[in-house]
Amino acid sequence: MRKSLVLVLVILISLLISLLTGCTALSTPSSPPAPTPATDSTNDLAGIKSYLLTQIDQLQNSANALQRAADQYYALAEAAKFDYPTLWATEGEQVRTVLAEAKTAWVAASPLYEQMEGIVAGVPTLAEYDVILDAGASGAEDPASAVPFDLTLPDGRVPPNPGNLFGVTESTLWGTNPAYTIAGVQPDLDGNGAIDFGEALPDANVLKAGADALASYTAELAKAAAAWQPTEADAFTALVVMVPTMSEYFDSWKNSRFVSGDSSTQRDFVAISRLADIQGILGGLQIVYGEVKPLVATVDSSQASQIEQELVDLKSFVAGVYAEEQGGKHFTAEEADLLGAEAQNRATAVAGQVAQVAAQLDIPIE
């Protein structure tokens, strides 16, 4: 998601302030009596963990496939003594094959992560992995939200705080970061006689290091998730923090090549539209809400159903925009802003209701 942690905190604080100042107005004489505060021993949230572990297992498979392809590309480059013009001239077909495999693995891995990002990023004990894998900036771009690691390359170079690993590998494979790709070689990877967007030779050292790190940190996340026991605070925190981030997603979409075209300077989100990512994130959050809906119903059964439907409607709204994009419509920056505002309004309303219910249940938002 590569979101700003500061933005999330601002959103959370705003929601809590709104809750504290609006509780009186929201209460009515017909409201049901406040339920007994919930305890984790009486509510089974195993479905959230089961979903997360299943997603991570699939992600590991795709990350490992990317790592294998990166290793093969590195071996080809090493055999050519990292002379990339010679590599392309002598091993072009093998390079085409292995880079196509690497891109296929990346395109499989990224959506798998997005589908569980709402949980990983929204749960305090797991959130650091979101920074490492998908959300953290590079130290050069934003020191305050930079990833907490340096990337050690096989040739000994150590790019400091290079940015999240999905971003590093994507910009290396699709050639959007000049520092991670080879200048002076223009490979026609698809063989159509033209050099199209995304056709570049990656720096084999960067690709291998990025893929190795992605596989390694995914394995670490798997261990952390296996040890994690979901709590009601975790679930409600994930919903309150992660649902109302629509404006940032849409802003990223607006600045990407899917809206800005060739004028875009954004290095990531070039292979998959952010609209697809948003649907994946909301789908994971629907899993979370499904597990706590019975608890919400103890406060107000009609509100429990309303929140569920509003999440469905929000995802459907984004899906509709994505379908238009896939159908060939090119949205303008102004249209992206309007659509983002609509999505944000819907998301803020959902998160506000969830925060209100959490307060009535005496469940802390961490």
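What follows is a walk through the structure, from its overall make-up to its core and its aromatic contacts.

This is a predicted model. The mean pLDDT of the chain is 90. Of its residues, 88% reach 70 or more. Residues 1-42 fall outside that picture, with pLDDT below 50. Beyond near neighbours in sequence, this stretch still has 61 contacts in the model. Read those contacts with the low pLDDT in mind.

Start with the fold. The chain has 12 helices and zero strands. Along the sequence, the pattern is α-α-α-α-α-α-α-α-α-α-α-α. The chain has 366 residues, and 52% of them count as buried. Contacts also reach across the sequence. Among those between residues at least 6 apart, 74% join residues at least 24 apart.

Now follow helix α2, which covers residues 46-79. This helix has 34 residues. From the first C-alpha to the last, α2 reaches 49 Å. The expected value is 50 Å at 1.5 Å a residue, so the helix comes close to the expected span. Just after α2, K81 takes a positive phi of about 55 degrees.

Next comes the core. In soluble globular proteins, nonpolar side chains tend to be buried together. Here the largest nonpolar core has 109 residues. Helix α3, residues 84-122, supplies the largest share of this core, with 16 residues. Which residues have the most contacts inside the core? They are Y73 and F236. Leaving out residues up to four places away in sequence, Y73 touches Y84, L87, V95, V98 and L99. Y73 also touches L201, P202, A204 and L207.

Helix α8 gives another view of the interior. It spans residues 246-255. Seven of its 10 residues are buried, so α8 is largely enclosed by the rest of the structure. The buried residues include M246, Y249, F250 and W253. E248, S252 and K254 are buried in α8 too.

Turn to the aromatic rings. A search of the whole structure finds seven aromatic pairs. One of them joins W106 and W174. Their ring centres lie 5.5 Å apart, with 65 degrees between the planes. That makes the pair edge-to-face, because angles over 60 degrees count as such. The pair links distant parts of the chain, 68 residues apart. W106 sits in helix α3, and W174 in the loop between α5 (165-173) and α6 (204-227). Are these two residues buried or exposed? W106 has a relative accessible area of 2%, so it is buried. W174 has 11%, so it is buried as well.

A second pair is F149 with Y217. Here the centres are 5.6 Å apart and the planes differ by 40 degrees, a tilted arrangement. F149 lies in the loop between α4 (127-135) and α5, while Y217 lies in helix α6. The pair therefore ties together parts that are 68 residues apart in sequence. F149 is buried, with a relative accessible area of 7%.

W106 and W174 also belong to a wider group. Together with Y113 and F166, they form one aromatic cluster.

Finish at R257, whose charged end sits over two rings. For the ring of F197, the distance to the centre is 4.0 Å. For the ring of F258, it is 5.6 Å.

Notes: Residues are numbered from 1 along each chain as its sequence is written. This is a predicted model: local features need pLDDT of at least 70, side-chain atom pairs count only at pLDDT 80 or more; totals for chains, interfaces and linings use all residues. Side-chain values use heavy atoms; hydrogens and water are left out. pLDDT is the predictor's confidence in each residue, from 0 to 100. Contact means heavy atoms within 4.5 Å. Buried means under 20% relative accessible area, exposed over 50%, partly exposed in between (1.4 Å probe, protein chains only). Helices (H or I, at least four residues) and strands (E, at least two) are DSSP runs, numbered from the N terminus. A nonpolar core is a set of buried Ala, Val, Leu, Ile, Met, Phe, Trp, Tyr and Cys residues joined through side-chain atoms within 4.5 Å. Rings of Phe, Tyr and Trp (its six-membered ring) pair if their centres lie within 6.5 Å; planes under 30 degrees apart count as stacked, over 60 as edge-to-face and the rest as tilted. A charge sits over a ring if NZ of Lys or CZ of Arg is within 6 Å of the ring centre and within 35 degrees of the ring normal.
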